[in-house]
Amino acid sequence: MTQPWIHKSKTDFLFIIGPSFFVLAFIFLFQDFITRIEEQYSFYTWLFLIVFIDVAHVYATLFKTYFVRKEFEKKKKLLTILPLICFSVGFVLFAFGSMVFWSFLAYVAVYHFIRQQYGFMRLYARQEKKTKRSVFIDNLTIYAATGYPMLYWFLSSPRKFNWFVENEFFRFHNETILTIALWIYILILCTYSIYTLYTSIKNHFFNIPKNSIILGTALSWYFGIVYFNDDLIFTLLNVISHGIPYMALVYFKEIDSKTDSELGVLRYLKEYKGIFIYAAILLVIAFTEEFLWEVLVWNENISFAAINFSGWEFLAVPLLSVPQFTHYLLDGFIWKSGKR
């Protein structure tokens with residue numbers, strides 16, 4: 001059995017599997033440097049991590065949906081109604097207060113991030129001989145790798161980072177539950193390791209990408225949330241490990257692997273330097289959105305002192321959050337396959 005790469009071994013390792021390991025290695029090697037850039041270059045870390053990766057990856061969904069005529073026609077009702085639902089829900093939630101809105105969106109975001117790792121795991125397991133037991137152990141492990149760190153966040157002493165805004169999650173400090181959860185977490189990882197070793201020997205096959213995704217997920221979530229208590233380290237692991245693999249997945253599966261007739265006008269993205277055009281489109285859209293956030297809502301990194309938009313937040317926040325909110329929900333529909 002050949003390794004079930006999504007694209008090719010080199011590109012998968014560089015852009016899908018590798019980011020978690022690369023970032024973690026960088027963090028351990030250059031912790032002092034990270035502290036310095038966190039203090040002195042906050043604008044540039046915000047621009048690179050939040051705008052050019054986190055916000056940009058949201059718009060990669062366009063190349064799987066709205067920018068592809070066949071896909072849009074196939075899911076026209078969903079793609080038309082869902083943004084309207086997201087705006088309506090956001091508008092109602094924000095009417096109850098900004099904290100209600102951001103807390104709700106944070107929980108949806110966490111669910112989306114967890115499900116993405118599950119999705120990658122299932123993609124890399126698509127060629128395996130599956131049993132109910134193997135699927136259960138795989139699923140339990142990927143959810144433990146992401147779920148335990150989040151449980152730690154909810155039940156530990158306050159962390160120095162947040163998803164969107166401070167105090168967005170319900171928190172209840174309880175060391176007893178944390179200790180029990182830690183032992184369950186260790187037990188699950190040990191069970192997975194022993195079972196994987198057993199089945200690999202039995203079937204004479206070790207699924208490198210699937211096991212790498214699970215390991216990378218466990219490491220990035222544990223060190224980003226539990227081991228380190230640092231805002232920039234959390235952002236590095238959280239954003240890069242999530243955003244770059246997603247943008248790469250869209251390009252490899254929805255552009256590079258499709259025929260010219262399937263792509264239509266997007267076929268030009270397959271030509272020389274097409275990947276750079278793809279990235280440039282995402283960066284321009286992302287910067288435009290974040291510019292609007294900064295001017296209309298945040299006023300932290302970019303602002304116009306002469307213009308005050310504070311009275312329009314009730315409309316601006318739900319409206320500007322539509323692409324992000326839609327991405328979180330839409331992602332649960334567009335990648336479904338019968339061969340998982």
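This is a guided tour of a predicted model, moving from its core to its charged pairs, its rings and a few backbone features.

**The core**

Begin by selecting Met-150, Trp-163 and Tyr-278, which have the most contacts inside the largest nonpolar core, a set of 100 residues. Next colour helix α10, residues 231–256, since this helix gives the most to that core, with 15 residues. Then keep Trp-163 in view and display what surrounds it: leaving aside residues up to four places away in sequence, Trp-163 touches Ala-106, Ala-109, Val-110, Phe-113, Met-150, Trp-153, Glu-168, Phe-169, Phe-234 and Asn-238.

With Trp-163 still selected, add the other rings of its cluster, in which ring pairs link Tyr-107, Phe-113, Trp-153, Phe-154, Phe-161, Trp-163, Phe-169 and Phe-234.

**From α10 to Lys-64**

Return to helix α10 and select Glu-254 together with Lys-64, which form a salt bridge whose closest N and O atoms are 3.2 Å apart. Glu-254 lies in helix α10 while Lys-64 lies in the loop between α3 (42–59) and α4 (69–74), so the pair ties together parts that are 190 residues apart in sequence. Both ends of this bridge, Glu-254 and Lys-64, are buried. Before leaving Lys-64, add Trp-335 to the selection, where the charged end of Lys-64 sits over the ring of Trp-335, 4.6 Å from the ring centre.

**Further salt bridges**

How many salt bridges does a search of the whole structure find? The search finds five, and another to display is the one between Glu-128 and Lys-210, whose side chains meet at 3.2 Å, N to O. Glu-128 belongs to the loop between α6 (98–124) and α7 (132–155) and Lys-210 to helix α9 (residues 208–227), so this pair ties together parts that are 82 residues apart in sequence. Lys-210 counts as buried because its relative accessibility is 6%, the cut-off for that class being under 20%.

Now move to Glu-71 and Lys-75, which form a salt bridge with the closest N and O atoms 3.3 Å apart, and which are both buried. Adding Lys-74 to the selection completes a network, in which salt bridges that share partners join Glu-71, Lys-74 and Lys-75.

**Cysteines**

Select Cys-86 and Cys-190 next, bearing in mind that a search of the whole structure finds zero disulfides. Is each of these two residues buried or exposed, or in between? Cys-86 is buried, with a relative accessible area of 1%, whereas Cys-190 is partly exposed at 40%.

**Two ring pairs**

The structure holds 41 aromatic pairs, and two of them are worth displaying with their ring planes drawn. In the pair of Tyr-222 and Phe-223, the ring centres are 5.5 Å apart and the planes stand at 90°, so the pair is edge-to-face. Tyr-222 is partly exposed, with a relative accessible area of 25%, while Phe-223 is buried, with a value of 16%. In the pair of Trp-312 and Phe-314, the centres are 6.3 Å apart and the planes at 20°, so the pair is stacked. Trp-312 counts as exposed at 52% relative accessibility, and Phe-314 is partly exposed at 42%.

**Helix α13**

Select helix α13, residues 313–320, and pick out its buried residues, which are Ala-316, Val-317, Pro-318 and Leu-320. What covers them? Showing the neighbouring elements brings up a cover that includes α5 (76–95), α6, α12 (274–298) and α14 (322–334).

**Helix α1**

Phe-15 is found in helix α1, residues 9–29, and is partly exposed, with a relative accessible area of 35%. Leaving aside residues up to four places away in sequence, Phe-15 touches Ile-244, Pro-245, Ala-248 and Phe-252. A C-alpha to C-alpha distance drawn from Phe-15 to Asn-299 reads 33 Å, for two residues that are 284 apart in sequence.

**Two loop residues**

Most residues other than glycine have a negative phi, and the last stops are two exceptions. Asn-167, in the loop between α7 and α8 (175–203), has a positive phi near 60° and counts as exposed at 65% relative accessibility. His-204, placed in the loop between α8 and α9, has a positive phi of about 55° and is exposed, with a relative accessible area of 74%.

Note on methods. Residues are numbered from 1 along each chain as its sequence is written. This is a predicted model: local features need pLDDT of at least 70, side-chain atom pairs count only at pLDDT 80 or more; totals for chains, interfaces and linings use all residues. Side-chain values use heavy atoms; hydrogens and water are left out. A nonpolar core is a set of buried Ala, Val, Leu, Ile, Met, Phe, Trp, Tyr and Cys residues joined through side-chain atoms within 4.5 Å. Buried means under 20% relative accessible area, exposed over 50%, partly exposed in between (1.4 Å probe, protein chains only). Helices (H or I, at least four residues) and strands (E, at least two) are DSSP runs, numbered from the N terminus. Contact means heavy atoms within 4.5 Å. A disulfide is a pair of cysteine sulfur atoms within 2.5 Å. A salt bridge is a side-chain nitrogen of Lys or Arg within 4 Å of a carboxyl oxygen of Asp or Glu. Rings of Phe, Tyr and Trp (its six-membered ring) pair if their centres lie within 6.5 Å; planes under 30 degrees apart count as stacked, over 60 as edge-to-face and the rest as tilted. A charge sits over a ring if NZ of Lys or CZ of Arg is within 6 Å of the ring centre and within 35 degrees of the ring normal.
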